[in-house]
Amino acid sequence: MELSEQEQIRRRSLAEIIQLGIDPYPADLFEVNVNAKDIKDNYERDKTNYKNVSIAGRMMGVRDMGKACFAILQDATGRIQLYVRRDDICTGEDKTLYDLVFKKLLDIGDIIGVKGFVFTTKTGEISIHVTSLTLLCKSLKPLPVVKTDAEGQAHDVVTDPEFRYRQRYADLVVNQEVRERFKKRTQLINSLRETFNSKGYLEVETPVLQPIPGGAAARPFVTHHNALDIPLYLRIANELYLKRLIVGGYEGVYEFSKDFRNEGMDRSHNPEFTVMEIYVAYKDYNWMMDFTEELLEKAALDLHGDTKIKNGDKTIDFQRPFKRITMYDAIKEHTGIDISGMDEIQLKKACNEQGIHVEASMGKGKLVDALFGEKCEAHYVQPTFIIDYPVEMSPLCKKHRSKPGLVERFELIVNGKELCNAYSELNDPIDQRARLEEQVRLMERGDNEAMYIDHDFLRALEYGMPPTAGMGIGIDRLAMIMTNVSSIQDVLFFPQMRPENQGKTSESSNN
């Protein structure tokens with residue numbers, strides 16, 4: 001691979017460091033007893049505890065003053081200023097460590113460990129007076145330069161998505177906002193988990209490789225197991241396995257799972273994504289709506305201390321209760337069409353009149369879904385439960401107790417996108433078999449997202465599953481809303497991308 005000029009210089013510096021007898025990648029443990037945030041938050045009120053500090057991180061800037069230098073060290077918690085004086089780190093006559101190594105052979109991005117004591121400079125900046133400096137890792141590739149002003153505001157932040165998503169490791173180093181965003185994502189998951197655990201629900205794990213890709217309408221990834229000589233599928237959902245556990249006697253189970261769908265990619269879809277699914281026995285979809293409100297209101301408060309969250313030019317409020325509207329009423333409100341009682345032919349005509357593309361393989365469920373998705377969904381910015389779907393759209397959902405032709409299902413729409421999907425779960429094994437057989441007929445018509453029949457799941461239902469409410473949340477989409485970003489790639493550490501042009505990598509990363 002062709003090296004840039006900067007990369008060549010760094011390799012020459014590496015060779016000089018080695019010739020001086022310094023190991024640029026030492027194996028020794030370097031003890032760290034403090035971090036940058038701890039020092040900045042606590043030094044002024046408790047100075048006695050910071051007379052012997054040991055800290056490590058990346059060197060992110062140097063200001064040369066001759067026999068002394070100021071440098072910036074960045075660790076996982078933030079940045080702090082170092083004061084490095086030649087006679088302090090080179091106590092004898094040999095000044096090589098300062099004059100040659102520190103001033104000429106070390107570069108921005110190198111990882112160092114320093115020991116010393118904390119003090120406040122004449123300008124009032126909390127700093128570390130360095131008495132010992134150790135090179136812990138020589139960086140061979142230059143980081144993009146991000147300038148920070150006196151108030152700590154970053155300028156010239158790297159925004160090129162090709163660089164940021166493909167080289168996330170470098171993006172995290174130079175963009176503090178990105179590091180904070182992913183911390184928020186973890187805090188979000190912890191908030192949800194705390195709620196589930198407080199109610200005694202059991203966190204479980206279910207198979208990623210499945211013989212039948214069940215639990216959702218989606219195109220799966222397929223692979224082959226050599227020893228068993230069978231095809232296997234990356235799961236598109238974990239619903240059917242979690243319901244098996246309800247059959248087995250657990251009354252509340254949940255899982256944070258990686259699911260996979262071999263479909264298109266855009267700003268709200270990635271082929272690999274994170275879903276949380278939860279199933280609670282002896283509940284219904286009305287209870288689950290209330291529980292979902294509780295869950296998301298708490299998450300907003302845990303992350304932001306407020307139910308109102310900024311999202312682009314909008315403010316989204318997760319304070320309970322959320323608006324509720326039936327799917328048929330939503331379609332009527334935004335199209336003027338009452339689709340209740342329409343058959344497949346009438347629905348196709350309604351779609352055509354609304355300018356919606358219709359394919360021969362589309363059954364009644366997909367036609368209704370297309371009407372709602374294209375004409376209604378975008379209008380629901382504030383959290384809104386869309387309830388009571390046609391039975392054809394929901395083969396795993398219990399029929400509505402009082403509305404023929406509908407099922408007890410809701411989706412939560414936030415900022416024009418589906419965030420949650422939930423049912424009163426179908427536990428009638430005879431009805432379930434008939435619904436899945438209808439899915440097979442749709443598959444035969446060319447619907448490549450229709451569900452397969454999972455005969456083992458049907459056998460499990462025949463043992464008896466108690467009345468159950470289930471709900472799934474798209475964690476990536478929830479993280480997008482909670483962290484105020486518009487692209488799913490911004491909440492995934494390593495989003496899926498096309499193969500890169502290797503020949504352009506070195507230069508593009510330094511622009």
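A disulfide is a pair of cysteine sulfur atoms within 2.5 Å, and that cut-off is worth keeping in mind at the cysteine stops of this tour through what is a predicted model.

Begin with the whole chain in view, before selecting any residue. Its C-alpha atoms fill a box of roughly 90 × 50 × 45 Å when the box is taken along the principal axes, and a cartoon display should let you follow a secondary structure that comes to 16 helices and 20 strands. If you colour the chain by accessibility, keep in mind that buried residues make up 51% of its 511 residues. Switching to a surface display shows what is left open: the chain exposes about 25,000 Å², and carbon and sulfur atoms supply 50% of that area. As for how the chain folds back on itself, among contacts between residues at least 6 apart in sequence, 64% join residues that are at least 24 apart.

Next, select Cys90 and Cys69, and display the side chains. The sulfur of Cys69 is the closest cysteine sulfur to that of Cys90, yet the two are 11 Å apart, which is too far for a bond. Cys90 itself is buried, because its relative accessible area is 4%, under the 20% limit for that class.

Then move to Cys420 and add Cys397 to the selection. Here the closest cysteine sulfur, the one in Cys397, lies 15 Å from the sulfur of Cys420, so this pair too is too far apart for a bond. Cys420 has a relative accessibility of 0% and therefore counts as buried. Across the structure as a whole, the number of disulfides is 0.

For the following stop, select Ser361, which you will find in the loop between α11 (344–353) and α12 (364–375). Although this serine sits in a loop, Ser361 counts as buried, because its relative accessibility is 14%. Leaving aside residues up to four places away in sequence, Ser361 touches Arg445, Gly446 and Asp447, so showing those three residues together with the serine will bring its contacts into view.

Finish on the surface by selecting Tyr169, Phe493 and Phe494, which form a nonpolar patch with about 370 Å² of accessible area together. Within this patch, centre the view on Phe493, which belongs to the loop between α15 (475–483) and α16 (505–508). Is Phe493 buried or partly exposed? Its relative accessibility is 39%, and Phe493 therefore counts as partly exposed, since that class lies between the 20% and 50% limits.

Key
Residues are numbered from 1 along each chain as its sequence is written. This is a predicted model: local features need pLDDT of at least 70, side-chain atom pairs count only at pLDDT 80 or more; totals for chains, interfaces and linings use all residues. Side-chain values use heavy atoms; hydrogens and water are left out. Buried means under 20% relative accessible area, exposed over 50%, partly exposed in between (1.4 Å probe, protein chains only). Patches are made of residues with over 30% relative accessible area and no salt bridge: like charges are joined within 9 Å, nonpolar side chains (Val, Leu, Ile, Met, Phe, Trp, Tyr) within 5 Å. Accessible areas come from the Shrake-Rupley method with a 1.4 Å probe; for residues, only the protein chains shown count as cover. A salt bridge is a side-chain nitrogen of Lys or Arg within 4 Å of a carboxyl oxygen of Asp or Glu. Helices (H or I, at least four residues) and strands (E, at least two) are DSSP runs, numbered from the N terminus. Contact means heavy atoms within 4.5 Å.
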